[in-house]
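Work through the exercises below with the model open. Try each task before you read its solution.

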Amino acid sequence: YLKALTRLQDDVEPVSFAVIEETVERELGVRISDAFSFFDHVPLASASLGQVHRAAMRDGRPVAVKVQRPDIRQVIDDDMTALADIAAFLDKRTEWGRKFGFTEMLDEFRQSLLRELDYRIEAQNLVTLGANLAEVELIDVPQPIEDFTSARVLTMDFVGGRKITSIGPLGLMEIDGPALADALFRAYLKQILEDGFFHADPHPGNVFITDEGRLALLDLGMVARVQPGTQDDLIRLLLAVSEGRGDEAAEVAMQIGEKRVVFEEGRFRRDVGVLVAEHQGLSMEQLDAGSIVAELTRISGECGLRPAPELTMLGKALLNLDEVARTLNPDFDPNAAIQEQAARLLRNRMLKSASPGNLFSAALDAKEFAEKLPGRVNKVMDALAEGQLTLNVQGIDEDHLMKGVQKVANRITTGVILAALIVGAAMLMRVETEQQIFGYPALAIVCFLAAAVGGAALLITIFLSDRR
């Protein structure tokens, strides 16, 4: 299956050039011969959503033109509708679906895939990622040509190079594999944990080794975003995993996920602890970061903790990244790299939180607090002086509590009445009457029988209620 899916990266049956020419001219509103001095009829690569042709601008600048396949949007809509029906069925009908929440995962993937079909969004993603990674050495991001880009045609800088997996052992000796693996890992840590915007599809077809021995990240159609609060949790999670602190890793994972009614916290902590301990100290040749995220997701679901949708895209990105990093440097140690980068990441996060905008917002909050504080203190003191100060506690369910108290009161009252019947019957035993049952006063026997029936009914009610 992996080999079959690999062919979808750049080896799909190509679309005829006549269709490509028609699409480009319709989208750009200009003839190909007028827009480009050269346009290769044979595609450089043909993938599942589109294909890429080499071309040159009128000034001779080499570019790559990415053209979307015709009717691909309708195909994806049909596939997603079918998958949505299956996901909804699993979520509703199976315990597995209720634990993992396939509908939410599919929605995250659908939104990412639909954004990938608009090449204008991908062009903006190229600009954003290029700016974010400008300071990372050995990493290139091709930039788009805005005037020659539309929803279905993307023109960008041409990157000469080869797929990482196509380079043989001799070719790997000509490049600095360890430095490239470290740069790629640092780039992704920065994207995910610092920028909150990352390339979510880094399979070998989208990561090139350029002719200059650098790495180029291609195909920015599928990206994902991580909210600042989740970024902090992911930093803590990665540090806990890299340092072998399983209990803290479980604690952070519980904060990220959504606890279900059937959540088994004890089992979850144990399983995560075992997972972290098993992967401690492994090299990249032995360690699959994506597999760890997938295993963490599986443990979460089985223990009743629904994983956050962001982890789905993160796991997908890491699964793609594993093969690339392993090819560049089998001895790469991700745990050491995480610990080495942790101080820098935390420092940058602190500096980012101390930006002028955040400081100004905090100053405004402090100003509002200072202005309203005297009035609020006066209100509290007036209420205290007049005996009208009340404390509203919402930490308990008052209705449930009152029902419980009422049940206890009812049982006590019933017990007192039954005891009175028994005492009264015992006293009536000494009263001589003409009406007798079993040789005893009839009224006393009636009271005893009523007390026996009432007592039995009370015991049965208590047994059934407390057991339930």
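**Exercise 1.** How many of the residues of helix 9 are buried?

*Solution.* Start with the source. This is a predicted model, in which local features need pLDDT of at least 70, side-chain atom pairs count only at pLDDT 80 or more, and totals for chains, interfaces and linings use all residues. Residues are numbered from 1 along each chain as its sequence is written, and side-chain values use heavy atoms, without hydrogens or water.

Next, the terms. Helices (H or I, at least four residues) and strands (E, at least two) are DSSP runs, numbered from the N terminus. Buried means under 20% relative accessible area, exposed over 50%, and partly exposed in between (1.4 Å probe, protein chains only).

Now count. In helix 9, 14 of the 19 residues are buried, so the helix is mostly covered.

**Exercise 2.** Find the span of helix 9 and what it lies across.

*Solution.* Helix 9 covers residues 177-195. From first C-alpha to last it reaches 25 Å, close to the 27 Å expected at 1.5 Å a residue (1.5 Å times one less than the number of residues). Helix 9 lies across strand 5, strand 9 and strand 10. Its angle to strand 10 is about 30° (axes are lines fitted to C-alpha atoms, for helices over the stretch in contact, heavy atoms within 4.5 Å; angles run from 0 to 180 degrees between N-to-C directions). Just after the helix, G196 has a positive phi of about 70°.

**Exercise 3.** Work out the strand order of the sheet that holds strand 9.

*Solution.* Two strands pair if DSSP finds at least two bridges between them. Strand 7 (residues 161-163) pairs with strand 9 in the antiparallel sense over 3 bridges. Here K163 partners F208, and G161 partners T210. Strand 9 also runs antiparallel to strand 10 (residues 215-217), again with 3 bridges. There, F208 stands opposite A216. The hairpin of strands 9 and 10 has 4 residues between the strands, and G213 takes a positive phi near 80°. The full order is 5-10-9-7, an open sheet of 4 strands with mixed pairing. Strand 5 (139-140) and strand 7 are at the edges with a single partner strand each, so one side of each lacks a neighbour in the sheet.

**Exercise 4.** Which residues of strand 9 point one way, and which the other?

*Solution.* In a regular strand, side chains alternate between the two faces of the sheet. Apply this to residues 207-210: V207 and I209 point one way, F208 and T210 the other. All four are buried.
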